[in-house]
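This report goes through the sheets, helices and chain contact of one structure. The sequence and coordinates come first.

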Amino acid sequence: MAKRTMVEAINLALQQEMTNDPSVLILGEDIGKDGGVFRVTQGLIEQFGEKRVVDTPVSESAIVGLAIGLAVYGLRPIAEIQFEGFSFAALEQLSCHASRVRTRTRGRYQCPLVVRIPYGGGIRAPEHHSDSNEAHFVHIPGLKVVVPSTPYEAKGLLLSAIRDPDPVIFMEPKRIYRALREEVPDEEYAIPLDRARIVVEGTDVTLIAWGAMLHITLQAAKSMADKGISAEVIDIRTLSPLDHNTLIESVKKTKRAVVVHEAPRTCGLGAEIVARINEMALVYLEAPVERVTGFDTIMPLPKLEKLYLPDVGRVVHAIDRVMHF
Amino acid sequence: MPRKAIKDFSVERLQILDEHGVCDEELRPPLSDAQIRSLYEWMILARVFDEKAYKLQREGRLGTYASILGQEAAQIASALALEPSDWMFPSFREPGASMVRGLPLRMILQYWSGDERGSIIPRGQNDFPISIPVATQIPIGAGVAWGAKYKGDNIAVVVFLGDGATSKGDFHEGLNAAGVFSLPVVFFCQNNQWAISVPRHRQTAAETLAQKAIAYGFPGIQVDGNDVFAVYSATDEALKRARAGKGPTLIEAVTYRIGDHTTADDATRYRSTEEVAEWKNKDPIDRLIKYMATKKLWDEAYGQKVTAQARERVEAAVNEQENTPAADAKDIFLHTFQELPAELARQMEAFLNEIGQRDGNGAHNG
């Protein structure tokens, strides 16, 4: 077993699944010789050749449209959209076709594709390179939306995403692409796409996050522990379909909850999580569920992005508010 | 240094059977008498079907429907050039092509009646369901062509589109990628002159749509879209090119939408009756009849028999469709994913319980 970054873990998952399954191919901008702008696909073109690692024109809609065709034809395409800000050009293909292939044909055709999208802020990137647009995809029925939070998680979740019979949007929090290393087994392992993960067990408050925000949240939990407050931290992992059972059971136990995400607040996934807690655990609550989120503003450029992104202090304040309601 | 021309392009137009039924026998594709009769019979079936669908909508027995009146040659002859192993991506104005490919008339009506099960393409028929969003089927069709090339399957894909689609981003992205990857695909544009109310010259300043292919690095050809022989010949040639690994082709079939955009449209608001009358004189079926009559392949009795058989077939399909029970309420949920996620199961159960209590007789929504 070796310590790996998320970039290395994703690369390993791609490499292993391409070795296992000749129907897997990857396509996107600069993913071949360049190895992707984040080097996620580094070395794959040398190993698998230009037939299976395909540099495309700068055409996000065609990248996803072509991938849909490949998937319908029985292949397992993995498309990369270079940055989340460029995914909007592909939304029509995802919303009008990828997500509907199965329903429209009642399963006569299916669309087992993965669209990998580096997303989120915190790396001082240019405009349109730092948004958190996961809720756009969550709001499209027929798509699964997965966000890994660690290298280990990334490898196991991506393996499941590639093998899934339905379209999966795999959003990679680029802020933690290289920020941490952890043990990632060489062997294959799959993490199911229908289960949230309890990262830290606790009794006083449930903290819910995904992607890069999980690490902010874990730090907040740690500082609360010093004050004698026991936080349970849950990594959502698969944003859609959402495993609310794990959340609800936790909230019933702790009676308090805080949801943390980078995305704008209104209609962010936090809103849905709060709604489900209200539907299924309202009577257990000792305080309204708090949200620590980005704002309903345009994502600022790097000079102000630190202010925009939830940080440990904001999460700690929210925990204080639910503890002392 | 003086400027010099570094590239010189031209665009070809193909017409074999003119509006008077005069045929250039040297260019005519080598179709047997039986095949020519088959072209005719499919076109009659498509026209009879179209007329019936329009009437059904007016009687409140069908939802919105997009007529193909006047465009029969373009879609019948192109579809007949396909092999069963080829794939077809229709837009939303190709019921004629779909029936040639084997989609039961009942299912075409089922779809337009508002029942998605009309899109369950029968096994063995390699077609995608119709695409309502304009041009979005283009990259997907190119993707299937890529899949075939990847697997080494010797097939081609035909993607239908309209003149309006050539203004969309997916037209550019799809054709561009197909050219770059030299994919076995034929882009068949039915230029019917009108995208709802906007005429062809407002879609592009280019003189022809065919010439757009030049910029993507593959051939484009304009054909008389009301000429079955020109359509068949150009499509056959393009498909063979594709199957031989020589890459894509764009075909612009110049035709005319005699009817309204759909049953929800009124074309008299934006175009003259003179223009429509002029195109009626170029009718694709009339000119084929004239040609077949001179070849002793058509007479009144045969014409009447074909029409009567088409009516019978359409009536039977209408009857069958109208007696198809509506789907169960569960049908809304069950095919969203291969396996029903827990939350969807929860929504479905709650909904079924609610309507079960309300109706007192279970979940049927018929």
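In this predicted model, strand β4 (residues 76-80) of chain A and strand β5 (residues 114-119) of chain A run parallel and are joined by three bridges. Within that pairing, Ala79(A) has Val115(A) in β5(A) as its bridge partner.

Both strands belong to an open sheet of seven strands in chain A, ordered β3-β2-β4-β5-β7-β6-β12, with mixed pairing. The edges are formed by β3 (53-55) and β12 (238-240) of chain A; each has a single partner strand, so one side of each is left without a neighbour in the sheet. Direction ignored, neighbouring strands of this sheet are turned by 20 degrees against each other on average.

A helix lies over this sheet. Helix α7 (residues 151-163) of chain A lies across β2 (24-28), β4, β5, β6 (144-146) and β7 (168-173) of chain A. Relative to β7(A), helix α7 of chain A runs at about 160 degrees.

Chain B has a sheet as well. This open sheet has six strands in the order β1-β7-β8-β4-β3-β2 (chain B), and its pairing is parallel. Its edge strands are β1 (12-14) and β2 (87-89) of chain B, each of which pairs on one side only. Here the average turn between neighbouring strands, direction ignored, is 20 degrees.

The table lists strand pairs of chain B with their bridges and one facing residue pair for each.

| Strand pair | Sense | Bridges | Facing residues |
|---|---|---|---|
| β1(B) and β7(B) | parallel | three | Leu14(B) and Val223(B) |
| β7(B) and β8(B) | parallel | five | Val223(B) and Ala253(B) |
| β4(B) and β8(B) | parallel | six | Gln190(B) and Ala253(B) |

Residue by residue, Val223(B) in β7(B) stands opposite Leu14(B), and Val223(B) also stands opposite Ala253(B) in β8(B). Ala253(B) in turn has Gln190(B) opposite. Strand β4 of chain B covers residues 185-191 and strand β8 of chain B residues 249-254.

How many residues of strand β7 (residues 220-224) of chain B are buried? Five of its five residues are, and the strand is mostly covered. Gly220(B), Gln222(B) and Asp224(B) point one way from β7(B), while Ile221(B) and Val223(B) point the other way. The buried set thus includes the charged side chain of Asp224(B).

The largest nonpolar core has 202 residues, and Val258(A) and Val185(B) are those with the most contacts inside it. Helix α1 (residues 33-58) of chain B gives the most to this core, with 12 residues. In soluble globular proteins, nonpolar side chains tend to be buried together. Leaving out residues up to four places away in sequence, Val185(B) touches nine-residue surroundings that include Gly141(B), Ala142(B), Ala145(B), Ala178(B) and Pro248(B).Turning to the contact between the chains, 33 residues of chain B are in contact with 37 residues of chain A. On the chain B side, α5 (137-151), α6 (169-180) and α12 (342-359) each supply at least two residues. The most comes from α5(B), with 10 residues. By class, this side of chain B has 17 nonpolar, 11 polar and five charged residues.

Helix α5(B) has 15 residues and reaches 21 Å from its first C-alpha to its last, close to the 21 Å expected at 1.5 Å a residue. Is α5(B) largely enclosed or exposed? Of its 15 residues, 14 are buried, so α5(B) is largely enclosed by the rest of the structure. Just after α5(B), Gly152(B) takes a positive phi of about 80 degrees.

Another helix of chain B, α11 (residues 300-322), has 23 residues that should span 33 Å at 1.5 Å a residue; its end C-alpha atoms are 33 Å apart, which agrees. Ala310(B), Val314(B), Ala317(B), Val318(B) and Gln321(B) are buried in α11(B). The buried residues of α11(B) pack against α1 and α4 (105-112) of chain B.

Arg37(B) has its place in helix α1 of chain B. Why does Arg37(B) count as partly exposed? It has 16 C-beta neighbours inside 10 Å, and a residue counts as buried only from 20 such neighbours and as exposed at 12 or fewer. Along the chain, Arg37(B) and Asp170(B) are 133 residues apart, and their C-alpha atoms are separated by 37 Å.

Key: Residues numbered from 1 in each chain as written. Chains lettered and ligands numbered in written order. Predicted model: local features only at pLDDT ≥ 70, side-chain atom pairs only at ≥ 80, totals over all residues. Pairing = 2+ DSSP bridges. Helix = DSSP H or I, 4+ residues; strand = E, 2+ residues; numbered from the N terminus. Axes fitted to C-alpha atoms, helices over the stretch in contact; angles between N-to-C directions. Contact = placed C-beta atoms within 7 Å. Expected span 1.5 Å × (residues − 1). Core = buried A, V, L, I, M, F, W, Y, C linked by C-beta atoms within 7 Å.
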